[in-house]
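Open the model in your viewer and follow the stops below in order.

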Amino acid sequence: MNKLRNRRIFKLFALIVVVFSILTVNVFVVSVLGYHVNSGTNIKEVVDGIHTVEAPIYAKRGRILDVNGNVLVEDTEAFTLYAYVAPDRFGIGNTPAYVTDKDQAADEISKILKAPRDFVLSQLSADAKQVEFGVYGKYITPDQKKQLEETEITGLGFIPVLKRDYYSSQFATTLLGMTTFNEEKKVQQGIMGIEQYYDDVLSGTNGLEVYRQDRDQYRFDTIDSLSYDSKDGSHIKLTIDKIIQSSLDSSLNRLLTHEEVNASEAWGAVLDIKTGKILALSDAPSFDIDDENTIYMNRATEYEYEPGSTMKTLTYAAAINEGVIKPDDRFDGDTFYLYTDPDTGKGQRVSSPGPNTATIHNPSQEIYPMITYEEGFQRSSNVMIAELLTDKLNTEIFRDYLHKLGFFKPVNIGRIPEGVGTELWQYHHEKVTNGFGQGSTVTMLQLLQAHTAIFGDGTIVKPYIIDSIINPDTNEVEYQAESQVGERIFKEETAQLVRDAMYRNVNEKQYGNHRFKMDEINIMAKSGTSQIVIDGAYSNDTFLFSAMLGFPYENPQYAFYFAYIADEWHRSWVSADILKNVIKTTIVTYPVDTNLDEITTQDVQGRKLDNHINRPIGEVTSELNEAGYQVIVLGDGKTVIDQYPKKGVKLLSNERVLLLTEKSNMSVPNMSGWSLKEVNAWANFARLEIITEGSGFVKEQSIAPKTKINQDMKIKVRLE
């Protein structure tokens, strides 16, 4: 019994000794080494605040460059400001590491951040340990950080971040777009424009650095096994030229602010027609890149609208290309009454309005006599188009041209969303109105692409806007765009004839496109005015004004298209002067080769013809003969009532000048050796129909010279 009790006492004593020993060792280890044996906790680290930190290594987002490598968008260093406001944090020497004087801090911070003082003070007074300052404290610059540090306000801290920096808040904003910081993924994320559509290309992959630090933020070892590097995003080089883009941005915004234009919206582009590179693409008003809630709409690519008379160029070209007309053929320019048979759907011109009849007027409801198709094009005659698509050019063939030219489908200049337009093609009158740009809707990009066939050799060239994608580490090109030449739509001679007509649109004063004439370079142009729908109906006083310009005429290199919405009575000459600055910028930036031969140069640089209208015929004849011109007097009047060429046209000294003195008593002239232009000028004065055969200069005419003219006459001339 005693032995059993002694054994139990011994075991209890031994247990007490063991427990005491463990406690003694643990206390020794904790006190000396700072390590708690039972829990495995490093007490020293707890006391010193040593902990593991996982810090993201932010990847740089790729740059966006212009075609010459100029930086348009890039990441720059920035910071997010925070303040520790709870009075429980101290630094070295037990000094406060929190904001001690909140009123003074609010004064300094609000001044540097340009933030409302009341807002800053309310944040500093919040019931929290640490606060930030909303949008005012995000993305502060290194200079702002330095200013805040110099105030010596205690408790301020700065979190390094990357900010997206744009060349200008007014530069190509719709095209470039913008980003916002994704708090969950800790990356800049594109939400508009190129930034959004190429987000996967521009975005990098963040890295991670894992390390330990103490409560005073003294950093210890890095844990390499858990850390990894970031990978920066690729750079994107656009086809945009910074200088031309700036000029276009400025000009379009000027249309909105000039008191004699007051456009509500505007858009435009400059295209290298030989390569398809888009050198500038813009719209106005644009959005504010500093406002994340801004409304985004790219009018230059997404807006679908009725193009108006710029479409006539393509209709006119299709008719010439099909051989159904020649530029010098004539048509009746009077009001066109289009009857559509309800049973067959076929249309025909009738003499007066009636059931199933649509009335087609010329612009301003002008009425023309028998005029050439080229003059009809230059006068932007709707009647001419109606005549073509009713009696000359099969509408289904015309439709085929529209589809080959790329209408009603995306151009695909890149990933940027595009409109495709809406084809209105059921009734004959709808098919006709398509020819002068009313009814169906298109986009600016489609118009530009279609006109590459006019300004070039008849072949389509596809526009594009991404030049290349570049590896940020090696500078190697990962993707390089190439020009894409498509189908030949028009014969070369067709394209040349249309360009000639567009050139004369600008250089002959009687046509409205004369407002685009420039001393620096020879321009081709076709303008347009179209109705727009407002509140479900066509507006009676607000219209869409546009123009397609090509230059230089002698060797076309560039197309410039613009459109804007304005009041009917605005000053179109003022808008033309504003927009010509874009052309001037382009030819200064990229000097053009006009490729003129000696004769053409003389023609362009020859003497300008004066205005001789209302002057005595004898006096004018004497002056022109002395200058070396061949003078043809039409009629037996005593005063010049019209002339060809018009004032300002440059002529060589031996060229013909036609002077009209009397319309009621005229004779057929001797046209031997005349050019086709001169024949048509005379026919226009005489209001007669001319039937031509061949090309070159007049060899024969069907009615002898000096024959008195009557209005039933038709004269045939053969040219060689």
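Start with the whole protein chain: of its 720 residues, 49% count as buried (under 20% relative accessible area, with a 1.4 Å probe and protein chains only). This is a predicted model, in which local features need pLDDT of at least 70 and side-chain atom pairs count only at pLDDT 80 or more, while totals for chains, interfaces and linings use all residues. Residues are numbered from 1 along each chain as its sequence is written, and side-chain values use heavy atoms, leaving out hydrogens and water.

Switch to a cartoon view. The chain has 22 helices and 34 strands (DSSP runs, H or I of at least four residues for helices and E of at least two for strands, numbered from the N terminus).

Next, select residues 242-257, helix α10, and residues 572-589, helix α19. They pack at an angle of about 175°, with axes 9 Å apart; axes are lines fitted to C-alpha atoms over the stretch in contact, and angles run from 0 to 180 degrees between N-to-C directions. That angle makes α10 roughly antiparallel to α19 (over 145 degrees). Show side chains where the helices touch (heavy atoms within 4.5 Å): the contact includes I243, L248 and R254 of α10 and I578, V582 and T589 of α19.

Finally, select E554, in the loop between β25 (537-551) and β26 (558-567). Which side chain does E554 join by a polar contact? The side chain of N522, at 2.3 Å; a polar contact is a pair of N or O atoms within 3.5 Å, where within protein one must be able to donate a hydrogen and the other to accept it, and residues adjacent in sequence count only if both atoms are side-chain atoms. Add D500, which is 54 residues from E554 in sequence and 9.7 Å away in space, C-alpha to C-alpha.

Technical notes
Parallel < 35°, antiparallel > 145°, perpendicular 65-115°, else oblique. Buried < 20%, exposed > 50% of the residue type's maximum accessible area, 1.4 Å probe, protein only.
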